[in-house]
Structures are given as C-alpha cells and as structure tokens.
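Open the model in your viewer and show it as a cartoon. The tour below goes from the overall layout to individual strands and side chains.

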Amino acid sequence: MSINRVMISGNLTRDGELRSTGGGMSVLSLRVAVNDSRKNQSTGEWEEIPNYVGVVIFGKRADSLGRYLTKGTKVAVEGKLRYSEWEKDGQKHSKLEVVADEIEFMSGRGEGGGGSSRGSATEPASADDVADALGGEEVPGEEIPF
C-alpha cells in the first residue's frame, strides 16, 4: 500500500502563472514558501528557513482562482506529489510539485497578504470574495491528466 497525500501552508512567493496546455486545459502554477525552524549551530538561535514548494492547479479551478492567488497570500494546500523528468537542450531536468486538490485562503483582508507583484495596491481576496466571484458554489474537481 502507498499513500500520496501532502498538506502545506505558507505564503505565495509570486502571483500565480496561468497558461494552457496544447489541448486547451488551464494550468495555474504557484510557489509557496513553507518555513521550517532550525537551530543555528554557531549561534544557538532558532532560525526560520524557507522551503519553496511548487504547486499546480488544473482546469476550471485554475481559471477561477488565478486572479485571487497573488504574491503574499497565505494559503493551505492539500494534494498529491507528482515527480516529472524531461530533457531540454541536452540537459536533464526534474521537479517535484504538489498537484492541488484543495486550496484554502488563510489570510483575509488586512491580515498580511501582499498585493500583486505587478505593483497593484489592491488587497488580496478573502475566501468570501472568492466564493462570491464563483457564484457561491464550490467549483467541482476535474480529472487531472498525467
């Protein structure tokens, strides 16, 4: 038996990047900074060390959430890990990322979310704002092709 579930929470390091596959499916890429506390051996002080985790969302949810997932927004993500390998220009590359099943906004207005990395002065959306934008209904999940 194997289990592939992951839960993380942290702040987005940049605005979400929305693109489409060749087949027209929307893909939203995010990067979440998840802090880890470690004791500095030379000073004896505890330090926050960031881990940067790639997150991807597919389908209608990517379209709907893309404008709300901006730099500095605190989120909780639940999903599964996916490992990819590819070759580009003779170089082998690989990445491990979270394919999100659920995303929860953890910071509301005025609670430390940043604005857009494009310099917008707007505040990040709260979970209520997202629900209102989606007509108050939860967006159904889709099969993720891979």
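Begin with the whole chain, coloured from the N terminus: its elements run β-β-β-β-α-β-β-α. That makes 2 helices and 6 strands. Keep in mind that this is a predicted model. Of the 146 residues, 34% are buried. Among contacts with a separation of 6 or more, 58% join residues 24 or more positions apart. With the surface switched on, the protein exposes about 9,500 Å², and carbon and sulfur atoms supply 46% of that area.

**Stop 1: β2 and β3.** Select residues 17-20, which form strand β2; β2 pairs with β3 in the antiparallel sense over 4 bridges. Glu17 is a good residue to label here, as it stands opposite Ser29 in β3. Then move to the hairpin turn, where 5 residues lie between the strands. Within this hairpin, Gly24 takes a positive phi near 95°.

**Stop 2: β1 and its partners.** Next select β1. On β5, β1 has an antiparallel partner, paired over 6 bridges. To see one of the residue pairs, show Met7 and its bridge partner in β5, Glu78. β1 also pairs with β3, again in the antiparallel sense, over 2 bridges. For this pairing, show Asn11 with its bridge partner Ala33 in β3.

**Stop 3: the nonpolar core.** Which residues of the largest nonpolar core touch the most other members? Select Ile8, Leu30, Val32, Val55, Ile57, Leu69 and Val77, which hold that position in a core of 18 residues. Two or more core residues come from each of β1 (6-12), β3 (26-39), β4 (46-58), α1 (60-65), β5 (74-88) and β6 (91-105). The biggest contribution is from β3, with 4 residues.

Now centre the view on Ile8. Leaving aside neighbours within four places in sequence, Ile8 is in contact with Val32, Val34, Val53, Val55, Val75, Ala76 and Val77.

**Stop 4: a patch on the surface.** Finally, select Leu81, Tyr83 and Leu96, which make a nonpolar surface patch of about 310 Å². Leu96 is found in strand β6. Is Leu96 buried or exposed? Its relative accessible area is 54%, so Leu96 counts as exposed, the cut-off being over 50%.

How values were computed. Residues are numbered from 1 along each chain as its sequence is written. This is a predicted model: local features need pLDDT of at least 70, side-chain atom pairs count only at pLDDT 80 or more; totals for chains, interfaces and linings use all residues. Side-chain values use heavy atoms; hydrogens and water are left out. Buried means under 20% relative accessible area, exposed over 50%, partly exposed in between (1.4 Å probe, protein chains only). Contact means heavy atoms within 4.5 Å. Accessible areas come from the Shrake-Rupley method with a 1.4 Å probe; for residues, only the protein chains shown count as cover. A nonpolar core is a set of buried Ala, Val, Leu, Ile, Met, Phe, Trp, Tyr and Cys residues joined through side-chain atoms within 4.5 Å. Patches are made of residues with over 30% relative accessible area and no salt bridge: like charges are joined within 9 Å, nonpolar side chains (Val, Leu, Ile, Met, Phe, Trp, Tyr) within 5 Å. A salt bridge is a side-chain nitrogen of Lys or Arg within 4 Å of a carboxyl oxygen of Asp or Glu. Two strands pair if DSSP finds at least two bridges between them.
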